[in-house]
4 protein chains.
Amino acid sequence: MPFGIDAEGVYPIAPTPFLPDGAIDWDSAKRLFGWYREIGSTGVTILGALGEAPKLDHAESVKVIETCVAAVEGLPVVVGVSAPGFAAMRALARTAMERGAAGVMIAPLNTLRTDDQIVGYYAQAVEAIGRDVPFVIQDYPLLTSVVMTPGVIRRIVMDNPSCVMLKHEDWPGLEKITTLRGWLRDGSLRKISILTANGGLFLDFEMERGADGSNTGYAFPEMLIDVVRLAKAGRRDEAHDLFDAHLPLLRYEQQMGVGLAVRKYVLMRRGVLAHDAQRKPGAAMSATARAEVDYLLVRLARFDKRAAALKTA
Amino acid sequence: MPFGIDAEGVYPIAPTPFLPDGAIDWDSAKRLFGWYREIGSTGVTILGALGEAPKLDHAESVKVIETCVAAVEGLPVVVGVSAPGFAAMRALARTAMERGAAGVMIAPLNTLRTDDQIVGYYAQAVEAIGRDVPFVIQDYPLLTSVVMTPGVIRRIVMDNPSCVMLKHEDWPGLEKITTLRGWLRDGSLRKISILTANGGLFLDFEMERGADGSNTGYAFPEMLIDVVRLAKAGRRDEAHDLFDAHLPLLRYEQQMGVGLAVRKYVLMRRGVLAHDAQRKPGAAMSATARAEVDYLLVRLARFDKRAAALKTA
Amino acid sequence: MPFGIDAEGVYPIAPTPFLPDGAIDWDSAKRLFGWYREIGSTGVTILGALGEAPKLDHAESVKVIETCVAAVEGLPVVVGVSAPGFAAMRALARTAMERGAAGVMIAPLNTLRTDDQIVGYYAQAVEAIGRDVPFVIQDYPLLTSVVMTPGVIRRIVMDNPSCVMLKHEDWPGLEKITTLRGWLRDGSLRKISILTANGGLFLDFEMERGADGSNTGYAFPEMLIDVVRLAKAGRRDEAHDLFDAHLPLLRYEQQMGVGLAVRKYVLMRRGVLAHDAQRKPGAAMSATARAEVDYLLVRLARFDKRAAALKTA
Amino acid sequence: MPFGIDAEGVYPIAPTPFLPDGAIDWDSAKRLFGWYREIGSTGVTILGALGEAPKLDHAESVKVIETCVAAVEGLPVVVGVSAPGFAAMRALARTAMERGAAGVMIAPLNTLRTDDQIVGYYAQAVEAIGRDVPFVIQDYPLLTSVVMTPGVIRRIVMDNPSCVMLKHEDWPGLEKITTLRGWLRDGSLRKISILTANGGLFLDFEMERGADGSNTGYAFPEMLIDVVRLAKAGRRDEAHDLFDAHLPLLRYEQQMGVGLAVRKYVLMRRGVLAHDAQRKPGAAMSATARAEVDYLLVRLARFDKRAAALKTA
């Protein structure tokens, strides 16, 4: 499946693995990226907010890109390049493409307010990175404070042929998907891929509203993959049954700031990461929080055996 | 159970029922408030953000208070009095107490930033409403943009003897409960009641962290009541089983702006409200959204018979 | 000069005078409003943010309206009716018009973000107050955090025939005036009056860009009146000479939060107000700040004799 | 005058000169930095928000540092290193110090809200850049949305021995200077240097309140230098006379977004910069705006001959 306007399936948002001393854990990184491919992901997104990108220096970021591109053996890799300045955005985007990335992801600067400011920002970003670089719009008001109407998204898409995907994580966001899909049908919006995120909290219905897949960091991406597959096959009840079984844990992960710690902890318990360390500054989980996640995993294992027989923390 | 620092259980956040023409639906209001009492609520909160309070004129607000006080037959009634100015806050608070309310709820103005500004605001509010009026701190950053540390909450509580309760709806918020409970134990914070909200999204663990109950608007308050009871009885698995069965719907309700429409729709299908109308301006549900909620109700009914045999929309 | 799309000149933004005990100082109020008329104002705006409106109860607000309408003897009175809810906005707007106000002023709610949200808000506000009530758009991002493009202002104006005036106080804002004036000339925007504010900090050039006058609270409204008159007469250097002489004090007044205290202090020293008291909660001036203003007044008196021979503080 | 807690006088905030094609204009850069020294500056600050720092890549930033350090011949150079991530902040800070900078300037991330978050952020920043690097706190709420109380500033200063200076640009900010100076006198705050900015809009009174000097980008830094000198010499009226003569232009420069274009234009007309170009994206001045500045310069030249005989635009 090539990256582009027809992209679908699941692009996990990858964390960056660290050793307890703060160095990047390259072994875990290779294992993580390879695992994404093995379980059936259709792509991988790295160096997003979840990837602790601002804590990496440029050389480290480049090596993460190279490591991921090598490990996923042909899957498209999308690289987060959001930055306060276009010089840094351009530098990372150009380097990413040279090292084999399939495209980049850009969130709006959190000071943007008016429709025109947002549209203008993407025009400038595209000019900075080059019109030949496929890019993803990240629409995540909870994080950025920037609210994009469907009309603004359409303007960005129609103005910039290199826009290939929307990472939809507005909340509430179901009607936005319906509106955009309606525009795709009536031809007033050209085709792009719509993958959804916001932790996956509404993936069940997002697929029914017309999303093409998922682009989030839940620590059981297999569930995302299964739900996307079941939804596309019209197996509605099965999709919801699986989704609902995961919802208590997924909801627990979807806590701003704390969520990354939870995800790394679950990935460690699943044996994918060697450590759940974050580079400083990072939010640590309390012993109580770990016990809560352990309890959720035990409960989940009753329905999904992939949550069973995990490593001891 | 009197209202005060020992309050516990469930205080539903009440919507205000309207007729399709925008007038208040007093019959539904009486039925709703009475129903809260019948199902085992320990109090009721009215005229919050969910209650469309800013759309009511003063006379209507007063009548809602009177109607509620009469209908709940002795249960404590808490009245939201948050306002941009202290004159309006004082007027509503004094009237509420005269009409039999047990206390008032105050959210911080959304322009407050520093710790001192927040603490100072509550000092001014208490001076405005009078030191004899018991009040609840509403801590809801998602709505107000105001972030209160545990230390700020402690300052407000210790400075103002009339503070009796925290409506905790920070997100993430579990560690905040743990911190406050630790301070209660070591004596550095005097006793107040902590009820949690944010739609109930973390009620399962909030109870385990030491919350005294729930203070939110989920359309099956019986579930909140049962989960609070089960948690207090130490019946952990049962509490989670029930909570998890409701979580898909509860999560669907917890959408900013859209949530109220969903709640009114469910309460209408349950026969408590005659209509799901909001006074203008209000967000309407699409036919697709109604069908999604219907589907969630059918699924819920497999586990909780209170969701079965509902009225046709 | 009737209030409407042809309004011009100076509409001072009036403070509300208080006695030291917090009661409204009605004698000063009558004197203040009458003085505005005597010095050549073409209208008066009351109950804005500067007027401490949120600290007044409804009965007090009504009496301020009545007092002003009587005292200005026929000058148009504009009443600020911005409110978090449309019920309160409607109630005050209808009452204001019944008591003889010429129109109302509405600022956008500070949670609005997208162009459509802003345009929609004004549509709802107009529906609430009634299409027969002339209204002023207050465009003050520094206070409201809401950024309106010229295009959004045009949409509001064209959608709502009852919109008669823009209170322009965006900053920077000169190019916005030029854009709107260009649209008026080419017919893509219907005629409205544009009065400027933001403390008057750019009045000199705003008039040259095409503003119709001033709508701010500087404590020497005579200067605003003179500058507007000189600018319209093409006496550019004289306008700037007078403006520049006042700029050090005007700049000192234009401090968020503190500015009102400075204005009341200057108006007290000028003999217009009996006291410089604010109703609680209010920002008081330090002794140092008063001495700084005194010094600025002494300096100003060298150029403008209206600043000479003031009362002792 | 070494950089440190005893710093005083004027540290101009330097723009970065560009050629019309967007390349850095190194000739103008050398001339600008050398000119700062010649006119009597006591230091120079580069790569701040005004310096278009986010538009420079790392190599360019390093060369700007080297160029400035060489051109100012011994004056202390402060380098803005504010960044969304500590990796980039550390990289630039370490490089800056290696290339001869005297210290760095750090603004808080614009998502910080509570007192503890702000204090914690500076602790993390200091850990990132190293405790051996002298740093300046930039307190500019208008730009960052972060409000620091005097108490928060004191906590940062007392927690971090490497903090040597406050760039004070809160608005209103006069009482903040008085509070901090009071704490310096009573020993509850250790000595730091306080330089003020916010375009210089209150420099006249800031000096009287106890500021040590100015740290802003006004295009006539000689005026800042003179006012600081006159104020320290107790020549109050002379200081105000000179300040007031410049205030109309200074006020015109102090427009968010537009200000940089105005400053570059004036510096070009003064012969310091060869071009007034900004690297894209940048706000251009309209022909009307240029004419307005030309007019202000003509008026200023009547009082200050340094504004006379400028180059034709």
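Student: Why are α10(A) and α10(B) called roughly perpendicular to each other?

Tutor: This is a predicted model, in which local features need pLDDT of at least 70 and side-chain atom pairs count only at pLDDT 80 or more, while totals for chains, interfaces and linings use all residues. Residues are numbered from 1 along each chain and chains lettered from A, with ligands numbered from 1, as written, and side-chain values use heavy atoms, without hydrogens and water. Helix α10 (residues 236–253) of chain A and helix α10 (residues 236–253) of chain B pack at about 80 degrees, their axes (lines fitted to C-alpha atoms over the stretch in contact, with angles from 0 to 180 degrees between N-to-C directions) being 9 Å apart. The two helices are therefore roughly perpendicular (65 to 115 degrees; under 35 is roughly parallel, over 145 roughly antiparallel, the rest oblique).

Student: Which residues make that contact?

Tutor: Chain A contributes A:F243, A:D244, A:L247, A:P248 and A:R251, and chain B contributes B:F243, B:D244, B:L247, B:P248 and B:R251, contact meaning heavy atoms within 4.5 Å.

Student: How do you know whether B:K167 is buried or exposed?

Tutor: The relative accessibility of B:K167 is 5%, so this residue counts as buried (under 20%; exposed is over 50%, partly exposed in between, with a 1.4 Å probe and protein chains only). B:K167 sits in strand β6 (residues 163–168) of chain B, and its contacts beyond four places in sequence include B:I13, B:M105, B:D139 and B:N215. Another of these contacts is B:L195, whose C-alpha atom is 5.2 Å from that of B:K167, although 28 residues separate the two along the chain.

Student: Why is A:N198 described as buried, and what is said of D:A309?

Tutor: A:N198 has 3% relative accessibility and therefore counts as buried, whereas D:A309, at a relative accessible area of 83%, is exposed. A:N198 lies in the loop between β7 (193–196) and α8 (203–209) of chain A, and D:A309 in the segment after α12 (287–301) of chain D.

Student: What makes the backbone at A:N198 and D:A309 notable?

Tutor: Most residues other than glycine have a negative phi, and most peptide bonds are trans. A:N198 is not a glycine, yet has a positive phi of about 50 degrees; D:A309, also not a glycine, has a positive phi of about 55 degrees.

Student: What is the peptide bond from B:W171 to B:P172, and what is that from C:K280 to C:P281?

Tutor: The bond from B:W171 to B:P172 is cis, with omega near 5 degrees, and B:P172 lies in the loop between β6 and α7 (174–186) of chain B. The bond from C:K280 to C:P281 is cis, with omega near -5 degrees, and C:P281 is in the loop between α11 (259–269) and α12 (287–301) of chain C.

How values were computed:
Helix = DSSP H or I, 4+ residues; strand = E, 2+ residues; numbered from the N terminus.
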